[in-house]
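Q: I'm new to reading protein structures, and I'd like a close look at one part of this one. Could you walk me through it slowly?

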Amino acid sequence: MKFATFVHDGKRQAGVVADDHVHSFQYPAELLDLIVEGEESLRTAGEHALAGSPSVPVAEVRLLPPLQPPTVRDYMTFESHVAGVARGYGDTVPEEWYAAPAFYFTNPYATIGAHEDVPVPPGCLRFDFELEVAAVIGKAGRDLTPEQAREHIIGYTVLNDWSARDLQGREMRVKLGPAKGKDTATTLGPWLVTTDELEPHRNAEGFLDLALTVQVNGETIGRDRLANMAWTFEEMAAYASRGTWIRPGDVLGSGTCGNGGCLAELWGRNGALEPPPLIPGDTVTMTVEGIGTLSNTVIKGVAPVPLPPARRRQ
């Protein structure tokens, strides 16, 4: 099943997507609340909606993020992406990257819908996209094995981790971050696709083999396959649960795919800002096989509020 959260006639709703129509749940419910209740509750609500609720064409609603995640962990699991970005700094993939699936926590309050406008972050001159797929946790777990973790993933969605590369670069010289370089927007959508829908795409190694494409203003910038990840989502979830809890609604981003999954990788490989950074008016469209499409337009942001430099104490 595909589950969406949307606005229609000024009313926020959630429901099931089928045949380019969305069927509202028969009683008001947030998708996250149903996920917390359990997969059976979610499927039952979906079946009832398909059986008896009026439908609205998807084209007539405003899609919101499928759910408001309590946490968002964003990983870095595509070796090609890491290698391309590293080349821009005269570096290579560090051995530490191969040891475990690295991630950082990004801002869950910055999630936006599949077709929302995205403002340029304050002070940013090198704005970028990142094409990713995200797994959504369906039930709580701790210290899971990868085999156990499979039962804790309820579905998948497309993720665009918008990135202010110049801000990010300055921040990470402090060896902490990223912070404001990743804080303005993260697109999730267009909907949540349950695991069973994508199971036919699982290959012999346990990876979901889905085609990934990103375009800027209609021109294809990058293509990859999700199966080129270095770790499966189950392994990522197991690592996330090591020594702590993962809970319903937690989002685990795959990290940026390779072969042009973001501009920074291409800048590193080309030795120049080519293709150029995003500017207001640019539209970024991402499509993931079996899940769906995001298409967001960049708009002018606000100027940064001035802050003083640090008070030097030494």
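Which residue in β21 is the bridge partner of T287?

A: Happy to help! Please keep in mind that this is a predicted model. The residue you are after is T293, which sits in β21 and is the bridge partner of T287.

Let's look at the two strands around that bridge. Strand β20 covers residues 283-288, strand β21 covers residues 292-299, and the two pair in the antiparallel sense over 6 bridges. As a reminder, strands of a sheet pair through backbone hydrogen bonds, and they can do so in a parallel or an antiparallel way.

Now step back to the whole sheet. It is an open sheet of 5 strands, and reading across it gives the order β9-β21-β20-β16-β17. The pairing in this sheet is mixed. At its edges are β9 (118-119) and β17 (219-225), and each of these pairs on one side only.

With the sheet in place, we can turn to the spaces in the model. The largest pocket has a volume of about 1,200 Å³. Its lining is made of 38 residues, and those nearest its centre are M76, V85, Y89, Q168 and M172. Several elements each supply at least two residues of this lining: β6 (72-75), α3 (79-87), β7 (103-106), α5 (165-172) and α8 (263-270). Of these, α5 gives the most, with 5 residues. Sorted by class, the lining of the largest pocket has 17 nonpolar, 10 polar and 11 charged residues.

The second largest pocket holds about 330 Å³ of space. Among the residues that line this pocket are P121, P122, G123, L167, R170 and E171. Others in the same lining include K180, T184, P304, V305 and L307. Its classes come to 6 nonpolar, 2 polar and 3 charged residues.

Finally, there is an enclosed space to find. The structure holds 1 cavity of 30 Å³ or more, and the largest cavity contains about 40 Å³ of space. Around the largest cavity you will find Y156, R202, G206, F207, L208, M229, T232, F233 and E234. That lining divides into 5 nonpolar, 2 polar and 2 charged residues.

To find your way back to the start, look for T287 and its bridge partner T293 in β21, then follow the strand order β9-β21-β20-β16-β17 across the sheet.

Notes: Residues numbered from 1 in each chain as written. Predicted model: local features only at pLDDT ≥ 70, side-chain atom pairs only at ≥ 80, totals over all residues. Heavy atoms only, no water. Pairing = 2+ DSSP bridges. Helix = DSSP H or I, 4+ residues; strand = E, 2+ residues; numbered from the N terminus. 1 Å grid on protein atoms, 1.4 Å probe; cavity = no way out; pocket = protein on both sides within 12 Å on 5 of 7 lines; lining within 4 Å. Points joined across faces, edges and corners; volume = space filled by probe spheres on them. Nonpolar A, V, L, I, M, F, W, Y, C, P; charged D, E, K, R; others polar.
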